[in-house]
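Here's a quick briefing to read with the model open beside you. Have a look at the overall fold before going through the points.

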Amino acid sequence: MLRQHLAMLLIEVQNGEDADVLRLARSETHRLVGAVLACLRAHVLAPSGSCTTCELPECLLRKEISLALLPVRPVLPNGG
Ligand SMILES: [Zn+2]
């Protein structure tokens, strides 16, 4: 269900009319932020900074989210 909702959202944002995409962004952004925060609540960091869920020095979920949220770089004409 979550994957289906995210796929629908992505398709609508990429293909929808600007006015529809704006309405969708306003209604869905806070829900997406809430979903990410809910996921992060399960990955509490210990005082040492390690993740109590992943049981690793670096939380895998936080790393994945950070990578997904990196700014999009423009594609240069030479591909680099
Ligand atoms: Zn974690």
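What follows covers the whole chain, then one helix, then one residue in that helix.

This is a predicted model, where local features need pLDDT of at least 70, side-chain atom pairs count only at pLDDT 80 or more, and totals for chains, interfaces and linings use all residues. Residues are numbered from 1 along each chain as its sequence is written.

**Whole chain**
- The protein chain has 3 helices and 0 strands; helices (H or I, at least four residues) and strands (E, at least two) are DSSP runs, numbered from the N terminus.
- Starting at the N terminus, the order of elements is α-α-α.
- The radius of gyration is 17 Å, while a compact globule of 80 residues would be near 12 Å (taken over C-alpha atoms; the globule rule is 2.2 Å times the number of residues to the power 0.38).
- Along the principal axes, the C-alpha trace covers about 45 × 40 × 20 Å.
- Just 1% of the 80 residues are buried (20 or more other C-beta atoms within 10 Å of a residue's own; exposed is 12 or fewer, partly exposed is in between, and C-beta atoms are placed from the backbone).

**Helix α2**
- Helix α2 takes in residues 18-41, and its end C-alpha atoms sit 34 Å apart, in agreement with the 34 Å expected for 24 residues at 1.5 Å a residue (1.5 Å times one less than the number of residues).
- The number of buried residues among the 24 in α2 is 0, so the helix lies largely in the open.

**E28**
- E28 is in helix α2, and a kink of about 35 degrees is centred on E28 (the bend is the angle between axes fitted to the seven residues ending there and the seven starting there).
- With 16 other C-beta atoms within 10 Å, E28 counts as partly exposed.
- L9 is 19 residues from E28 in sequence, and their C-alpha atoms are 8.4 Å apart.
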